[in-house]
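User: I should like to learn how to read the features of a protein model. Could you take me through this one, giving the general idea before each case?

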Amino acid sequence: MISRRQFLALSALGALAPGAVAQVGRAAKIGILGPSPLETSLYAINVVRAFTELGYAEGARATFLYRYADGGFELYRRQAQDLAARDCDLLIAVRAEPPARALQFSRPGGPILFLAVDYDPLESGIVSNLRTPDRNTTGVYVPQNLLVTRRIEIMRELQPHADRLMVFADRYSADQVEAARKAAAAANFQLMLVQFTTQPYDYSTFLQSARAMGVDAFMTLASPAFARDRQQLQDWFARLRLPSIGSNPQQAEAGYLITLGSNVPKVARRVAEIGVRVLSGTKPAAIPVELADEFELVINMATARSLGVKIPGTVRARAARVIE
């Protein structure tokens with residue numbers, strides 16, 4: 001259960017928002033499974049906040065049970081089984097594909113929602129139809145393959161004469177690798193792909209030799225591990241004095257030159273709104289899977305100045321936020 005201290009600020013938002021659906025009887029029990037601790041999970045905390053804004057505040061009309069398996073793929077099933085055993089009214093898989101699969105395995109009959117950030121729920125088999133989702137599962141997903149392509153295009157705008165782009169991938173981001181290959185070829189980058197398999201990732205082995213290998217820029221694919229390690233990675237990028245591009249605003253705040261990702265509060269709000277419908281009796285199969293279509297470009301101008309990178313006006317004009 002999330003502590004009262006963690007929810008003190010959120011609980012103040014507990015009044016019913018316009019259009020919120022009232023639940024009759026006991027408080028809803030909502031289980032959430034993700035890859036990162038709640039306090040560091042950008043997506044999970046926003047989902048909880050959105051439920052609170054819709055009237056499902058911790059301790060009032062909802063009880064949130066949060067579980068995570070940071071760095072341990074084998075832990076997801078055990079954590080999912082724990083949530084399933086607690087008779088939750090709704091289960092939510094946040095960010096990665098393993099939590100969604102584990103929840104489906106542990107509780108095949110109960111309603112499950114997902115916020116798919118690092119994978120395509122159709123391609124991965126989490127659902128077999130987006131319009132009428134099966135397996136009592138529905139949700140919202142972020143089209144990472146499209147975003148991978150756009151990130152590489154932006155890096156080409158920033159580095160018109162660059163040759164070699166080093167890309168970090170892992171098990172979480174495996175579905176994005178082919179998109180990175182195609183986009184790099186289309187943008188005339190020589191792709192230098194590094195795929196990590198075992199945590200903690202040995203970044204230093206590859207980064208120490210990046211300059212000698214002629215690397216001109218870096219990109220990390222969307223993964224909770226790279227998001228978690230953003231400061232460690234940025235320290236290396238700064239030391240190497242090479243531009244980097246990532247997938248969520250926390251990376252730009254840590255010092256990445258640019259990030260392009262989903263509008264996190266908005267996708268979290270949509271998950272919570274779908275969750276309210278399910279808690280009110282709507283079957284997940286009656287709710288089509290939604291595609292996130294609002295993205296945010298964040299530019300760290302302090303990093304740009306440090307690296308001597310000129311941000312074209314065409315890029316800056318598209319930014320949702322500029323960090324000075």
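**Reading the model feature by feature**

Analyst: Pro-200 has its place in the loop between strand E7 (190-195) and H7. Helices (H or I, at least four residues) and strands (E, at least two) are DSSP runs, numbered from the N terminus. The peptide bond from Gln-199 to Pro-200 is cis, with omega near 0 degrees.

User: On what basis are such statements made?

Analyst: This is a predicted model, in which local features need pLDDT of at least 70 and side-chain atom pairs count only at pLDDT 80 or more, while totals for chains, interfaces and linings use all residues. Residues are numbered from 1 along each chain as its sequence is written, and side-chain values use heavy atoms, with hydrogens and water left out.

User: How many helices and strands does the protein chain have, and what does its radius of gyration indicate?

Analyst: The protein chain contains 13 helices and 13 strands. The radius of gyration is taken over C-alpha atoms, and the globule rule is 2.2 Å times the number of residues to the power 0.38. Here the radius is 20 Å, close to the 20 Å given by the rule for 324 residues, so the chain is as compact as a globular protein of that length. Its C-alpha trace spans about 65 × 35 × 35 Å along the principal axes.

User: How should I read a sheet, and in what order do the strands of the open sheet lie?

Analyst: Strands of a sheet pair through backbone hydrogen bonds, either parallel or antiparallel. Two strands count as paired if DSSP finds at least two bridges between them. In this model six strands form an open sheet in the order E2-E1-E3-E4-E5-E11, with parallel pairing. Strand E2 (62-68) and strand E11 (290-291) are the edge strands, each pairing on one side only. Within the sheet, strand E3 (residues 90-95) pairs with strand E4 (residues 112-116) over five bridges, and Val-94 stands opposite Leu-115 in E4.

User: Which strands do helices H3 and H4 lie across?

Analyst: Axes are lines fitted to C-alpha atoms, for helices over the stretch in contact (heavy atoms within 4.5 Å). Angles run from 0 to 180 degrees between N-to-C directions. Helix H3 (residues 75-85) lies across strand E1 (28-34), E2 and E3, at about 180 degrees to E1. Helix H4 (residues 97-106) lies across E1, E3, E4 and strand E5 (137-141), at about 155 degrees to E3.

User: Which residues of helix H9 are buried, and why do they line one face?

Analyst: Buried means under 20% relative accessible area, exposed over 50%, and partly exposed in between (1.4 Å probe, protein chains only). In helix H9 (residues 230-240), the buried residues are Leu-233, Gln-234, Trp-236, Phe-237 and Leu-240. Seen down the axis of H9, these fall within an arc of 160 degrees (taken from the directions from the helix axis to the C-beta atoms), so they line one face. Their cover includes strand E6 (164-169), helix H8 (224-228) and helix H10 (249-254). Just after H9, Arg-241 takes a positive phi of about 55 degrees.

User: Where do Asp-87 and Arg-135 lie, and what phi does each take?

Analyst: Asp-87, in the loop between H3 and E3, has a positive phi of about 55 degrees although it is not a glycine. Asp-87 is exposed, with a relative accessible area of 52%. Arg-135 lies in the loop between E4 and E5 and has a positive phi of about 60 degrees, although it is not a glycine. Arg-135 is partly exposed, at 40% relative accessible area.
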